[in-house]
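Here is a short tour for anyone about to set up calculations on this model. Have the viewer open and follow along.

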Amino acid sequence: MTTTLITGANKGIGLETARRLVAAGHSVHLGARDPARGAAAAERVGASFLPLDVTDDASVAAAARTLEECVGHLDVLVNNAGITGALKEPADLTVEDLKQVYETNLFGPFRVTQAFLPLLRKSAAPAMVNVSSGLGSLAIAEAPEHYTSMLPAYYPSLGYNSSKAALNMLTAQYAKAFPDIVCNVVDPGWTATDLNGHRGVQTVEEGADIVVRVALRGGEGPTGGFHGNSGPVPW
Ligand code: NDP
């Protein structure tokens, strides 16, 4: 049975991904920072709850130890946890604003990947799926008319966009550095969740589609790509 960890999976796209991967036969460890909401969400979809705050070294190390003790390996890591951070005009942003969003969206996946790498390496076919955004694409920022992920035309989210652009490069580098692990980033598309005050135009079921598809390909699929629901996303 494929063992999968999804971070930030107590609601939204992460929870829907957990539900679908459980239905597909994965043994899903549902990571969440809030014990009560995490445990309730895991029970709802038939996953195992794993306490995990991606901004906290001790929490991430404890989660890796728990998985090591109870399973001994990890097949698919889905770095899904994310926040928008401060939504302000660029001139009004502070270093603290950027640090806050990078801590979750960039250092979070980095921290979790470092901690779980030894467990991924014990899998016969390991994979990493990093949940990014079309807002992190330089090509789309340059020519949004060439992409139809239904993104808002302009969003005052410099911190968020740049954290996702950095996550894209982190993943592209991982794909080269770890030829033994299939590493990809995905863009769920503009989805109605708490993250954007439910202003997105897709349902969570639609948003989770590409995350689920790439997670199900696991260690068998191509590596180093940026995937959206309607095909490759330009970097
Ligand atoms: P939600 O706000 O519904 O879910 C985000 C999840 O991340 C929550 O479970 C939240 O937990 C968790 N989280 C936040 N910070 C931490 C942390 N420090 N440790 C652990 N978990 C944390 O948003 P979405 O489902 O929309 O977002 C999921 C991913 O999809 C994000 O990476 C987002 O950037 C990406 N995405 C979303 C799009 C959209 O339109 N919705 C578009 C493109 C990408 P808690 O409940 O405790 O806050």
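Helices and strands here are DSSP runs numbered from the N terminus, with helices (H or I) at least four residues long and strands (E) at least two. With that in hand, note that Gly218, just after helix 8, takes a positive phi of about 50°. Please keep in mind that this is a predicted model.

**Helix 8**

Let's stay with the helix that precedes that glycine. Helix 8 covers residues 204-217, 14 residues in total, and its first and last C-alpha atoms are 20 Å apart, close to the 20 Å expected at 1.5 Å a residue. A kink of about 30° is centred on Ile210, and Ile210 is also one of the buried residues of this helix. The others on that buried list are Val204, Gly207, Ala208, Asp209, Val211, Val212, Val214 and Ala215. What do the buried residues of helix 8 pack against? Their partners are helix 1 together with strand 1 (3-6), strand 4 (76-79), strand 5, strand 6 and strand 7.

**Strand 6**

Strand 6 is one of those partners, and it deserves a closer look. Six of its six residues (182-187) are buried, so the strand is largely enclosed by the rest of the structure. In a regular strand the side chains alternate between the two faces of the sheet. Here both faces are covered: Val182, Asn184 and Val186 are buried on one side, and Cys183, Val185 and Asp187 on the other. The pairings of strand 6 look like this:

| Partner strand | Bridges to strand 6 | Direction |
|---|---|---|
| Strand 5 (residues 127-131) | Five bridges | parallel |
| Strand 7 (residues 226-228) | Three bridges | parallel |

For specific positions, Val186 of strand 6 is the bridge partner of Val131, while Val185 stands opposite Phe226 in strand 7.

**The loop between strand 6 and helix 8**

His198 is found in this loop. Its phi is positive, about 60°, although His198 is not a glycine. Is His198 buried or exposed? It counts as exposed, because only 12 or fewer C-beta neighbours within 10 Å are allowed for that label and His198 has 9 inside 10 Å.

**Around the ligand**

Finally, the ligand is surrounded by 31 residues, and the closest are Gly8, Gly12, Gly82, Thr193 and Leu195. By class, the shell has 15 polar, ten nonpolar and six charged residues. Which element gives the most to this shell? Helix 1 (residues 12-23) does, with three residues.

Terms used: Residues numbered from 1 in each chain as written. Predicted model: local features only at pLDDT ≥ 70, side-chain atom pairs only at ≥ 80, totals over all residues. Near = placed C-beta within 6 Å. Nonpolar A, V, L, I, M, F, W, Y, C, P; charged D, E, K, R; others polar. Buried ≥ 20, exposed ≤ 12 C-beta atoms within 10 Å, placed from the backbone. Pairing = 2+ DSSP bridges. Expected span 1.5 Å × (residues − 1). Bend = angle between axes of the 7 residues up to and from the residue. Contact = placed C-beta atoms within 7 Å.
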